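Reader: Before I plan any reading of this protein, could you take me through its packing and its charged pairs, one question at a time?

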Amino acid sequence: MHYSTLELKLERDSIVIDRGSLKTKRKFAFLLEEGDILLRERDKLQVHEEVEVVVDYTYTEGSKRPKETIDIYRIKEIVKR
């Protein structure tokens, strides 16, 4: 590994999900890939920092299950420095 920081270009979006259905996992920054979804806007990371990445969520239309709106940040590009 010949880099120590990652600069991320992110695309912000809001999604509606079934409350309590969000599944995340912690991932080291150097394992991030374009297309991963972050819960926090962070445009510069050290390679060994841990970040929370969205793995899965559900939204069921027409269900009485409570909904919530969350902001997500999709990685569009990763620049290694």
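Author: A residue counts as buried under 20% relative accessible area, as exposed over 50%, and as partly exposed in between. Please keep in mind throughout that this is a predicted model.

Reader: With those limits, is R81 buried or exposed?

Author: The cut-off for the exposed class is a relative accessible area over 50%. R81 has a relative accessibility of 52%, and it therefore counts as exposed.

Reader: Which side chain does R81 meet in a salt bridge, and what parts of the chain does the pair tie together?

Author: The partner lies in strand β1, whereas R81 itself lies in the segment after β6, so the pair ties together parts that are 74 residues apart in sequence. The partner is partly exposed, with a relative accessible area of 22%. The two side chains meet at 3.0 Å, N to O, and the partner of R81 is E7.

Reader: Which residues do salt bridges with shared partners join into one network?

Author: The structure holds nine salt bridges, and one of them is the pair of E7 and R81. Salt bridges that share partners bring K44 together with these two, and the network consists of E7, K44 and R81.

Reader: What is the N to O distance in the salt bridge between R42 and E49?

Author: E49 counts as partly exposed, at 25% relative accessibility. Its side chain meets that of R42 in a salt bridge, and the N to O distance is 2.2 Å.

Reader: Where is D36 found, and which residue is its salt-bridge partner?

Author: D36 is found in the loop between β2 (23-28) and β3 (37-38), and at 14% relative accessibility it counts as buried. The partner also counts as buried, at 14% relative accessibility. The two side chains meet at 2.9 Å, N to O, and the partner of D36 is K27.

Reader: How far apart in space are D36 and R74?

Author: Leaving aside residues up to four places away in sequence, D36 touches K27, L31, V53, Y73, R74 and I75. D36 and R74 are 38 residues apart in sequence, while their C-alpha to C-alpha distance is 5.8 Å.

Reader: Which element gives the most to the largest nonpolar core?

Author: Nonpolar side chains tend to be buried together in soluble globular proteins. Here the largest nonpolar core has 13 residues, of which L6, L8, L32 and L38 touch the most other members. The elements that give two or more residues to this core are β1 (5-18), β5 (50-56) and β6 (67-80). The element that gives the most, with three residues, is β6.

Reader: What does L6 touch, and how many residues are in the second, separate core?

Author: Not counting residues up to four places away in sequence, L6 touches A29, F30, D43, K44, L45, V47, I78, V79 and K80. The second core, which is separate, includes I15, I17, V54 and I72, and its number of residues is six.

Reader: Which residues form the aromatic pair, and what is the angle between their planes?

Author: The structure holds one aromatic pair, formed by F28 and F30. F28 counts as partly exposed at 35% relative accessibility, and F30 is partly exposed with a relative accessible area of 29%. Planes under 30 degrees apart count as stacked. The pair of F28 and F30 is stacked, at 5.9 Å centre to centre, and the angle between the planes is 15°.

Technical notes
Residues are numbered from 1 along each chain as its sequence is written. This is a predicted model: local features need pLDDT of at least 70, side-chain atom pairs count only at pLDDT 80 or more; totals for chains, interfaces and linings use all residues. Side-chain values use heavy atoms; hydrogens and water are left out. A nonpolar core is a set of buried Ala, Val, Leu, Ile, Met, Phe, Trp, Tyr and Cys residues joined through side-chain atoms within 4.5 Å. Buried means under 20% relative accessible area, exposed over 50%, partly exposed in between (1.4 Å probe, protein chains only). Helices (H or I, at least four residues) and strands (E, at least two) are DSSP runs, numbered from the N terminus. Contact means heavy atoms within 4.5 Å. Rings of Phe, Tyr and Trp (its six-membered ring) pair if their centres lie within 6.5 Å; planes under 30 degrees apart count as stacked, over 60 as edge-to-face and the rest as tilted. A salt bridge is a side-chain nitrogen of Lys or Arg within 4 Å of a carboxyl oxygen of Asp or Glu.
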